[in-house]
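This briefing looks at two topics in turn, the cysteines and the pairing of one strand with its neighbours. Please read it alongside the sequence and the coordinates.

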Amino acid sequence: MSKKKPGTPSSTIALNKKAKHEYHIEDRFEAGLALLGWEVKSLRAGKAQLVDAYVLLKDGEAWLLGSHITPLIAASTHVIADPTRTRKLLLHAKEIAKIVGKVNQAGYTCIPLALYWKNNKVKCEIALVKGKKQFDKRATEKERDWNRQKQRILRDTNL
């Protein structure tokens, strides 16, 4: 297998790091994203945020709300750019039906986890999630700290 060249950039555009802390991730889906030209140019420059974004399911379609794509000054001179506009997610009908069925159950919601490049197309990884309680968040943090400490101990004993 060929290794990645040191000069090539990562395919990840934006991550929703807060999602793994706030939710239990149940199921993941890969969705295409309907974008305008200036948005693609901004994404190539890495100017996107998914912090408070969520997925709205309406009339058998999925929409990405709350994502922020900052327009480039040079790219959008003749277009009035709306950085927080609602963007359509491109999914198969069976996937949308599965998501709608789960979201209608108690406690499930659908959020974006990441934006990334795949074969020169922008993809959005969305997930069905359930909210964590406060004690779940503390337990996750404790486990992460303990794993970090175990790695330190192993590293120090192997020297």
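In this predicted model, a search of the whole structure finds 0 disulfides. The notes below set out where the sulfurs of cysteine 110 and cysteine 124 lie relative to each other, and then turn to strand β7, which covers residues 87-90.

**Cysteines**

- The closest cysteine sulfur to that of cysteine 110 belongs to cysteine 124 and lies 8.7 Å away, which is too far for a bond, given that a disulfide requires the two sulfur atoms to be within 2.5 Å.
- Seen from the other side, cysteine 124 is likewise in no disulfide, its nearest cysteine sulfur being that of cysteine 110 at 8.7 Å.
- Cysteine 110 has a relative accessibility of 2% and therefore counts as buried, and cysteine 124, with a relative accessible area of 0%, is also buried.

**Strand β7 and its partners**

- The side chains of β7 alternate along the strand, so that Arg87 and Leu89 point to one face and are buried, whereas Lys88 and Leu90 point to the other face and are not buried.
- Strand β2, made up of residues 23-33, pairs with β7 in the antiparallel sense over 2 bridges, and within this part of the model glycine 32 stands opposite leucine 90 of β7.
- Strand β5, which spans residues 61-65, is joined to β7 by 3 bridges, and these two strands also run antiparallel; here tryptophan 63 has lysine 88 of β7 as its bridge partner.

How values were computed
Residues numbered from 1 in each chain as written. Predicted model: local features only at pLDDT ≥ 70, side-chain atom pairs only at ≥ 80, totals over all residues. Heavy atoms only, no water. Buried < 20%, exposed > 50% of the residue type's maximum accessible area, 1.4 Å probe, protein only. Helix = DSSP H or I, 4+ residues; strand = E, 2+ residues; numbered from the N terminus. Pairing = 2+ DSSP bridges.
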